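Q: Could you take me through one part of this model in detail, namely how two of its helices meet? I would also like a look at whatever sits elsewhere in the fold once that part is clear.

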Amino acid sequence: MISRVEAQFDIKPERLIGDTAYGTAPMLAWMVEEKDIEPHVTVWDKTERKNDSFSSNDFHWDEETEEYRCPVCNALRSEWRAFKNERSHVTKANTIIFRSRQTDCVACPMKAKCCLNTSFRKIARGVHEAARDVARRIAATPTYQRSRHERKKVEMLFAHLKRILKLDRLRVRGMSGATDEFTLAAAVQNLRRLAKLTSQGPPLTG
Ligand code: SF4
């Protein structure tokens, strides 16, 4: 829809507010890298560990050196030696694997919390991780909180349409049928809200 509106009217939103369903890596990459739209979206993140061991979020990504720093400041790199021919290191799952050095981990006091059953720590960084980081940074701002609040107001109207006005499915076929049905339901919803507001009378003064 965004691409269609952009093609037809040459406008696009500055930010997009959505739930976790929009927080997948390819979707965030599309918003950030392709469309230059701020993603006000919760990042879809399955890497968080349930126990108290370190998740990949506990590791700091260094943009300049393109490596991770572990909680005790040792590096995790995608390659520890130079190869004759340059390698992309991208796996079939569209990730790049970063590894710590065994010699760093063997004597590390944090090993039990980090890589108890392996001799070094591995982190799989998605190729779209930079876009996910943009969304994470936005999620920590007051603007994001305002976006969440605005989204809630819109979602409530859709929930009301579904539950109270029973628009849980469209009954008329085709695009124009759907447009008519939805427009009528929205008109009814607005009339109900208007009736409720007018029945309260004008605000008391003095
Ligand atoms: S075990 Fe290795 S990767 Fe983990 S914190 Fe220690 S040195 Fe860093």
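A: In this predicted model, the contact is made by Leu 157, Phe 158, His 160 and Leu 161 on the α6 side, and they meet Phe 182, Ala 185, Ala 186, Gln 189, Arg 192 and Arg 193 of α7. By class, the residues of this contact are six nonpolar, two polar and two charged. As for the geometry, α6 covers residues 142-163 and α7 covers residues 174-199; their axes come within 11 Å and cross at roughly 105°. Angles from 65 to 115 degrees count as roughly perpendicular, so α6 is roughly perpendicular to α7.

Now for the sheet. Its three strands form an open sheet, ordered β3-β4-β5, with antiparallel pairing. The edges are taken by β3 (60-62) and β5 (75-76), and each has a single partner strand, so one side of each has no neighbour in the sheet. Between β3 and β4 (residues 67-69) there are three bridges, and Asp 62 has Glu 67 in β4 as its bridge partner.

Finally, the empty space inside. There is one cavity of 30 Å³ or more, and the largest cavity holds about 120 Å³ of space. Its lining has 16 residues, and those nearest the centre are Cys 70, Val 72, Cys 105, Cys 108 and Cys 114. The elements giving two or more residues to this lining are α3 (102-106) and α4 (111-114). Sorted by class, the lining of the largest cavity has eleven nonpolar, two polar and three charged residues.

Methods. Residues are numbered from 1 along each chain as its sequence is written. This is a predicted model: local features need pLDDT of at least 70, side-chain atom pairs count only at pLDDT 80 or more; totals for chains, interfaces and linings use all residues. Side-chain values use heavy atoms; hydrogens and water are left out. Axes are lines fitted to C-alpha atoms, for helices over the stretch in contact, and angles run from 0 to 180 degrees between N-to-C directions. Helices (H or I, at least four residues) and strands (E, at least two) are DSSP runs, numbered from the N terminus. Angles under 35 degrees count as roughly parallel, over 145 as roughly antiparallel, 65 to 115 as roughly perpendicular and the rest as oblique. Contact means heavy atoms within 4.5 Å. Ala, Val, Leu, Ile, Met, Phe, Trp, Tyr, Cys and Pro count as nonpolar, Asp, Glu, Lys and Arg as charged, and the others, Gly among them, as polar. Two strands pair if DSSP finds at least two bridges between them. On a 1 Å grid over the protein atoms alone, a cavity is a set of points where a 1.4 Å probe fits but cannot get out, and a pocket is an open set with protein on both sides within 12 Å along at least five of seven lines; lining residues have an atom within 4 Å of a point. Grid points are joined across faces, edges and corners, and a volume is the space filled by probe spheres set on the points.
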